[in-house]
Amino acid sequence: MKAVSIREFGRPEGLAVIDVPAPVPAAGQVVIATEAIGVGGVDTLIRSGVLAAYGFKEGHIPGGEVAGTVTAVGEGVDPSWIGQRVWGSTGTGGGYAEQAVAPVTEILPLPADLSATDAVTLGSAGVVAHFGLAHARFVPGETVLVRGAAGSLGIMAVQFAARGGAGAVAVTTSSADRGERLRKLGATHVLDRAGSGGVDAPAGYDVIIDVVAGEHLPSFFDRLNPNGRMVVVGIVAGQPPADFGTKMMAAFQRSLSFSTLSTDTVAAADRAAVRAGHFAAASRGEIEAVVHELLPLDQAVLAHRKMDAGEVFGRVVLRP
């Protein structure tokens, strides 16, 4: 079967289409014939090599989120899964392929009227946004800032904050056009990447959901209200400075909080229940899956170029 692997860490051109044997499911696993493959920010970080210290090696097949039809099951898995359309998490890799393996505990049936493309746009991003806001102890009436709101995760955070009754939902983004699109999804104020601008924008925020991290993260502590909470749910701009905590400590009397959120710490059953709710809500038209572009699997290089260039609004999806 066809798959895309990291031939060489670094630029998108290090990705290559290869032929690999079709996967055989181990105990507790299923094989999914992929219809849609989500391209995530973590895929670009792995490809760049910045996460090599975490065990990623050249030859790795990226992709952690797929949707398609179950074609085989491993030992201990109910054979009735075969033939079902599902969303599946493959973990930290293996998704950029015509067939992918996922644990049966990490798959979910798709509603009949939800496309595979929408499923991989909502599946992981929606769960991270939901639990990110919960981790921040967000309650109705509070002001929320979503830093880096143009990706699929940020878009979902905007929608959930607005649906949750936020007093204001501000976003940082790179252009007025993106700002207007985010307004249609629930944003009330549009700021530049530094968090400045925005007519009548709140002076401070109770909650900041940060998808970006990077060198400028510490400056956003200044934008938290007293008792404000910042939750980092992504690091698309890389790690923050080693001394980033000194900025928060300097504001000791404002009782600020900082935390990170990985859904690896959320029980699988809880993730599945929330994800099923999101799929159902999308089927009813209550939340929107924003797809930037559909590309063939063999154009993964182009997909990563677009991600690196910051051109993507929503999610790029690959199709075999």
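Is E65 buried or exposed? With a relative accessibility of 3%, E65 counts as buried, because buried means under 20% relative accessible area. The structure is a predicted model, and its chain contains 7 helices and 15 strands. The points below begin with the chain as a whole and then turn to individual residues.

**Overall form**

- The radius of gyration of the chain is 20 Å, which agrees with the value near 20 Å that a compact globule of 320 residues would have.
- Taken along the principal axes, the box filled by the C-alpha atoms is roughly 60 × 40 × 35 Å.
- Of the 320 residues in the chain, 50% are buried.
- Among contacts with a separation of 6 or more, 70% are between residues 24 or more positions apart.

**Surface and charge**

- The chain has an accessible surface of about 13,600 Å², and carbon and sulfur atoms account for 53% of that area.
- The chain carries 25 positive and 31 negative charges, and the mean positions of these two sets lie 4 Å apart.

**E65 and its surroundings**

- E65 is placed in strand β4, which covers residues 65-73.
- The side chain of E65 forms a polar contact with the side chain of W87, at 2.8 Å.
- Beyond its neighbours within four places in sequence, E65 is in contact with residues that include A36, I37 and G38, as well as W87, G88 and T90.
- The contacts of E65 also include A119, V120, L122, G123 and S124, together with R315.

**I37 and its surroundings**

- I37 belongs to strand β3, residues 29-39.
- A relative accessibility of 0% means that I37 counts as buried.
- Residues up to four places away in sequence aside, I37 touches E65 and V66, and its contacts also include G95, Y96, A97 and V120.
- Further contacts of I37 include L297, V316, V317, L318 and P320.
- I37 and R319 are separated by 282 residues in sequence, yet their C-alpha atoms are 6.3 Å apart in space.

**Residues with positive phi**

- Most residues other than glycine have a negative phi.
- A213, although not a glycine, has a positive phi of about 60 degrees.
- A213 sits in the loop between β11 (205-210) and β12 (224-232), and it is buried, with a relative accessible area of 1%.
- N227 is likewise a residue other than glycine with a positive phi, near 65 degrees.
- N227 is found in strand β12, and at 49% relative accessibility it counts as partly exposed.

**T143 in strand β8**

- T143 lies in strand β8, which comprises residues 143-147.
- T143 counts as buried because its relative accessibility is 14%.
- The side chain of T143 reaches the backbone oxygen of G204 at 3.5 Å.
- G204 also appears among the contacts of T143 outside its neighbours within four places in sequence; others include A168, P202 and Y205.
- D206, V207 and N225 are also in contact with T143.

**Exposed loop residues**

- G167 is found in the loop between α3 (152-163) and β9 (168-172).
- At 54% relative accessibility, G167 counts as exposed, because the term applies over 50%.
- Not counting residues up to four places away in sequence, G167 touches G141 and E142.
- G167 and V139 are 28 residues apart in sequence, with a C-alpha to C-alpha distance of 9.6 Å.
- V50 lies in the loop between α1 (41-48) and β4, and it counts as exposed at 55% relative accessibility.
- V50 and Y96 are 46 residues apart in sequence, and their C-alpha atoms are 19 Å apart in space.

Notes: Residues numbered from 1 in each chain as written. Predicted model: local features only at pLDDT ≥ 70, side-chain atom pairs only at ≥ 80, totals over all residues. Heavy atoms only, no water. Helix = DSSP H or I, 4+ residues; strand = E, 2+ residues; numbered from the N terminus. Rg over C-alpha atoms; globule rule 2.2 N^0.38 Å. Buried < 20%, exposed > 50% of the residue type's maximum accessible area, 1.4 Å probe, protein only. Contact = heavy atoms within 4.5 Å. Areas by Shrake-Rupley, 256 points an atom, 1.4 Å probe, with all protein chains shown as cover. Lys, Arg positive; Asp, Glu negative; His and termini not counted. Charge placed at Lys NZ, Arg CZ, Asp CG, Glu CD. Polar contact = N/O pair within 3.5 Å; in protein donor to acceptor, adjacent residues only side chain to side chain.
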